[in-house]
Amino acid sequence: MATATVSAAADARLRRETYHEADVVVVGAGVFGCAAAYALAEQGRSVILLERSMHEPNRIVGELLQPGGLAALKKLGLGHCVDGIDAVPCKGYNVIYHGEPSLIPYPPVDDSGDVPYKWSGSGGDGEGKRPEGRSFHHGRFISQLRKSCLAHDNITVVETEVTSTIRGEHSEQVLGVKSRTKDPETGAKKPDYFFGQLTIIADGYDSKFRKQILGNASVVKRSKFYALELIDCPLPKENFGHVIIGNASPVLLYQIGTHETRALFDVPQGLPEASPAAGGVRGYIKKVAIPALPPSVRATAERALEDGKIPPSMPNSWLPPTPQSQQGVVLLGDAFNMRHPLTGGGMTVAFNDALLLAELLHPSRVRNLEDPAVVRPALLDFYWRRKKYTSIINVLAQALYTLFAANDRQLRALQLGCFEYFQRGMTDGPCGMLGGIIHMPSVLAYHFFSVAFVALWLNARTVMSGPLGPLKLPLALIDAVLILWKASAVFLPLIFREGFR
């Protein structure tokens, strides 16, 4: 039996390396691509993993892995990938609202992994174990994921630029992909072909295959994150991610190494303070954003800006998920679904998606990946079952960004209500959802509208202050209706677009 297994593995490797044939072809060796390839290979599937460049990437997002994502990474058998890369533990968030901090630690969990106080306030310091996340240099983490795939007997990794899908002559079934591979002797790129029973495309946020597979799915880009790397920056609270809310758009601060801290400055499209006449993005960061930072951080941020360059940037994108029905191919990862990176939920979604996909395509369920009668229902089931965790992360990311980047009176009232909610100790539910620990959409709805009613109360108290306060009750009631309407306008369309059934 052992000899037969070894022979089958050797035959599969020969097919991959000589004939470029496998059970699964995965396009993109990023976060999701590596995780999916590894998960399927662990089940005995033969996998070809294709990547345009195997050099260590240099990106400014994908640097914070929430506890829910770390737990999924460990279930995939890839937990070791956060070791040896100078990763830093993350224990939660420190939200600083106009200079006033509010600490939001990850909530304690019981032996079953449930958050006991998800509906109420904080569970205190001594009740249950508090999970942690990790923050790190994105490129180092990706390199570790790729090393794990390179070392796996069932995976062949090829550096090649995928250009198109290959379809059958008499059907629209995708049979694999066409690519351009550099000849090691001449350096010239030559056509190459890779075939699989199933092709998984995970070519990132700027996917060239999105329109072809998802049709009219459109990416919404409202702002960009511009990044600085701060050296030996004294953060107000060690091992916590920091969200700075003030006169500038939101700023994120989190440590990515022993000496390095990432600063991400949100710059909305068309922001007047970042226009060329006002000094551009550098001028905005120097004159508006850095003064809004905690005093202990400003000096290191100013030093990081001294190189005279425009900081590297990434678009902050929103792409709701779309059902897929094409035969032989599925688009996943950021190519399929994105949310604002404010809450750092992208990798948590990716690793949980890889786990779920592997479960639904397990050989005990799907023996032949070429059989559309079995694969198509499995992928549809994947689309609906993933909403248990993705809907919370997606909606929370978009809703919180709208509140934290408030640009009108009602949103600013909701922003204040959110901060007051945290100050009152109502943190376990919200931070449990941010951390990918709580998978109940009803908890999200409960806390979001609880924040709205706190905002109503704070606003009414402000409006009705002074000796003529009771006479201002009609104004307070009008404000209450407008604030509640704004909260509904933010939350309900996001929930609707997630497409619950």
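Helices and strands are here DSSP runs, of at least four residues for a helix and at least two for a strand, numbered from the N terminus. In these terms, Asn239 sits in the loop that links β12 (220-231) to β13 (241-245). The model is a predicted one. In it, Asn239 has a phi near 65°, which is positive although the residue is something other than glycine.

Asp86 is another residue with this feature: it is not a glycine, yet its phi is positive, at about 60°. Asp86 belongs to the loop between α3 (67-75) and β4 (88-90). Its relative accessible area is 31%, and because buried means under 20% and exposed over 50%, Asp86 counts as partly exposed.

From these two loops we can step back to the whole chain. The protein contains 14 helices and 17 strands. For its 501 residues, a compact globule would be expected to have a radius of gyration near 23 Å, and the value of 24 Å for the protein agrees with this. Along the principal axes, the C-alpha atoms fill a box of roughly 85 × 50 × 45 Å.

The interior and the contacts come next. Of the 501 residues, 55% are buried. Where contacts join residues at least 6 apart in sequence, 73% of them link residues at least 24 apart.

The surface can be described by its area and the protein by its charges. About 22200 Å² of the protein is exposed, and carbon and sulfur atoms supply 55% of that area. There are 52 positive and 47 negative charges, and the mean positions of the two sets lie 5 Å apart.

Some stretches of the chain carry annotations from a record. An unreviewed UniProt entry assigns the domain "Squalene epoxidase" to residues 196-460. Over residues 196-460, helix makes up 43% of the chain and strand 17%, with 62 Å between the end C-alpha atoms. Asn239, in the loop after β12 (220-231), falls inside the annotated range of 196-460.

UniProt, again in an unreviewed entry, also places the feature "transmembrane region" at residues 24-41, 443-460 and 475-496. What secondary structure is found over residues 443-460? The chain there is 100% helix and 0% strand, and its end C-alpha atoms are 26 Å apart. Residues 475-496 are likewise 100% helix and 0% strand, with the end C-alpha atoms 31 Å apart.

Technical notes. Residues numbered from 1 in each chain as written. Predicted model: local features only at pLDDT ≥ 70, side-chain atom pairs only at ≥ 80, totals over all residues. Heavy atoms only, no water. Rg over C-alpha atoms; globule rule 2.2 N^0.38 Å. Buried < 20%, exposed > 50% of the residue type's maximum accessible area, 1.4 Å probe, protein only. Contact = heavy atoms within 4.5 Å. Areas by Shrake-Rupley, 256 points an atom, 1.4 Å probe, with all protein chains shown as cover. Lys, Arg positive; Asp, Glu negative; His and termini not counted. Charge placed at Lys NZ, Arg CZ, Asp CG, Glu CD. UniProt positions renumbered as here; feature names shortened; annotations may be inferred.
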